[in-house]
Structures are given as C-alpha cells and as structure tokens.
Amino acid sequence: MEASTVDWINAICSIISLLIAIGALYFAFNQIRQMNSQLKNMNDTFRNSTLMTVLELENELIRRKVSWDDASFQLREYHINLEKKEKPNKNIVELLQDKYYTSFENYLNSLDRFCYCVLHNYISDRDWKTEYTEVVFDIVKNNPEEFNVNTRFRNTIKIYQKWKDE
C-alpha cells in the first residue's frame, strides 16, 4: 500500500472518530440538560411541598389557638354569668375547665411540633423567628408551670433559649 492511501485512510478514520466524538458530546450535553431540568423541577416540587407543610403546620397551630381561646372565653363567660345566678353548676365548671386545659395542651403540643421543625431545620429559623418570637416568649413567660424542668415541651424551651440568646 502506498503512503498516501494510508494517509487517506487515517484521515477518514480521524474524521469518523471526530464525528462520533461530537455525537457523543451532543448526546452527553442533552442528557445533562435534561437532568438539570429534572433537578430544577424536583427543587420546585420540594419547595412547594415544604411550603405546603409549613402552611399546614401554621394552620394547625392557629386552629388550636382558636380552640384554646374559645374555651377560655366560654369559661370566663360562665363566670360572668354566675354573677346573675345564685349557685354555680359544678359539672359545667368542671366541663369548661377540662375543655380549657385540653385545648391549651393541644395548642402547646402544636407549638412544640412547630419548634421541633425549626430546631431540626425542616423550616427556616430565619424566616419564622420574627413571626413567632413573641408567641414563644409569651407562652413560656406566662405559663412557667408548663415549662419547668420536667416539661414535655422541650422543643419550645430550646427555641425560647436559642432565640433569647441571639
């Protein structure tokens, strides 16, 4: 075989190799672009899911606060109405007190769950601190018997201490 024929064969093989390499790069680039698009979609889905979880958590917190407020109002209203009557009904007072304490405990449980989510970075401390600092501080300061050394609401205490120290 002549040298020029070998050179031509080498040149053709090089061109074919170059075309295959360009095709492989194009394929890899498309795959990377598709993966990037899928990751962006997953990120958006994750953000939406996190937002829905936070809104649901906040909604539950508000719902339980409203229930506690309602029980408190009913108890106070009953005591106001007692001034018009001669004798309080012990069963009604016990029922209203039970409703008050149950709704209060439900609220504290919900707040503690919220604080757990903040502590474990399920929701952003920075985003929610401004909104919930007063809530956490008020509940801890106004209910020391619920937040003593043996408290079940440890997450609330931890957030209280953390935010107080910042």
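What radius of gyration does the protein have, and what would a compact globule of 166 residues have? I looked this up first and found 33 Å for the protein, against near 15 Å for such a globule; the radius is taken over C-alpha atoms, and the globule rule is 2.2 Å times the number of residues to the power 0.38.

I noted that this is a predicted model, in which local features need pLDDT of at least 70 and side-chain atom pairs count only at pLDDT 80 or more, while totals for chains, interfaces and linings use all residues. Residues are numbered from 1 along each chain as its sequence is written, and side-chain values use heavy atoms, with hydrogens and water left out.

Taken along the principal axes, the box filled by the C-alpha atoms is roughly 125 × 30 × 25 Å. I then looked up the secondary structure and found four helices and zero strands, these being DSSP runs (helices H or I, at least four residues; strands E, at least two) numbered from the N terminus.

For burial, I found that 28% of the 166 residues count as buried, that is, under 20% relative accessible area with a 1.4 Å probe, protein chains only.

I next turned to T151, which sits in the loop between α3 (125–142) and α4 (154–165). T151 counts as buried because its relative accessibility is 6%. Leaving out residues up to four places away in sequence, I found T151 touching E146 and I157, where contact means heavy atoms within 4.5 Å. A polar atom of the T151 side chain also lies 3.0 Å from the backbone nitrogen of F153, and a polar contact is a pair of N or O atoms within 3.5 Å, one able to donate a hydrogen and the other to accept it within protein, with residues adjacent in sequence counting only if both atoms are side-chain atoms.

Conventions. Buried means under 20% relative accessible area, exposed over 50%, partly exposed in between (1.4 Å probe, protein chains only).
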